[in-house]
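Please find below some notes on this model, set out as numbered points. They are meant for someone looking at the structure for the first time.

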Amino acid sequence: MPYVYSMSTLYGKGIRFSGMFRWNIGKLLSLSVKLDYTYYPEQENIGSGLEEIEGNKKTDLSVLLQWKF
């Protein structure tokens with residue numbers, strides 16, 4: 001997202017892709033989208049505790065709609 005930088009801590013062997021898109025809709029509105037995809041080929045679960053998910057793929061989508069005034 002705009003003004004934000006983050007790098008996730010990864011464990012083991014895998015692949016991570018990240019992409020960002022920003023669209024200024026007129027002078028007063030902007031849309032920002034960030035998509036992250038993580039793939040661990042040798043694992044059955046990702047994470048631990050309450051954040052554990054089944055499977056070896058994880059997709060994160062962040063959307064921000066800004067109204068400038």
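1. The open sheet comes first: it is formed by 3 strands in the order 1-2-5, and the pairing is antiparallel. Strand 1 and strand 5 (57-67) are the edge strands, each of them pairing on one side only. From one strand to the next, the twist averages 10 degrees. Please keep in mind that this is a predicted model.

2. Strand 1 covers residues 15-25 and strand 2 covers residues 29-39. The two run antiparallel and are joined by 11 bridges. Within this pairing, Asn24 stands opposite Ser30 of strand 2, and Ile25 has Leu29 of strand 2 as its bridge partner.

3. The connection between these two strands is a hairpin, with 3 residues lying between strand 1 and strand 2. Gly26 is in the turn, and its phi is positive, at about 70 degrees.

4. Strand 2 also pairs with strand 5; these two run antiparallel and are joined by 11 bridges. Here Ser30 stands opposite Gln66 in strand 5. Ser30 thus appears in both pairings, since Asn24 stands opposite Ser30 as well.

5. Which side chains of strand 2 point to the buried face? They are Ser30, Ser32, Lys34, Asp36 and Thr38. The side chains alternate along the strand, and Leu29, Leu31, Val33, Leu35, Tyr37 and Tyr39 point to the other face and are not buried. A reader going through the sequence should note that the buried set includes Lys34 and Asp36, while Leu31 and Val33 are among the residues that are not buried.

6. The structure holds 1 aromatic pair. The ring centres of Trp67 and Phe69 are 5.6 Å apart and their planes are at 45 degrees, so the pair is tilted. Planes under 30 degrees apart would count as stacked, and planes over 60 as edge-to-face.

7. Are the two partners of this pair buried or exposed? Trp67 has a relative accessibility of 61% and therefore counts as exposed. Phe69 is exposed too, with a relative accessible area of 87%. The cut-off behind both assignments is a relative accessible area over 50%.

Definitions and conventions:
Residues are numbered from 1 along each chain as its sequence is written. This is a predicted model: local features need pLDDT of at least 70, side-chain atom pairs count only at pLDDT 80 or more; totals for chains, interfaces and linings use all residues. Side-chain values use heavy atoms; hydrogens and water are left out. Two strands pair if DSSP finds at least two bridges between them. Helices (H or I, at least four residues) and strands (E, at least two) are DSSP runs, numbered from the N terminus. Rings of Phe, Tyr and Trp (its six-membered ring) pair if their centres lie within 6.5 Å; planes under 30 degrees apart count as stacked, over 60 as edge-to-face and the rest as tilted. Buried means under 20% relative accessible area, exposed over 50%, partly exposed in between (1.4 Å probe, protein chains only). Axes are lines fitted to C-alpha atoms, for helices over the stretch in contact, and angles run from 0 to 180 degrees between N-to-C directions.
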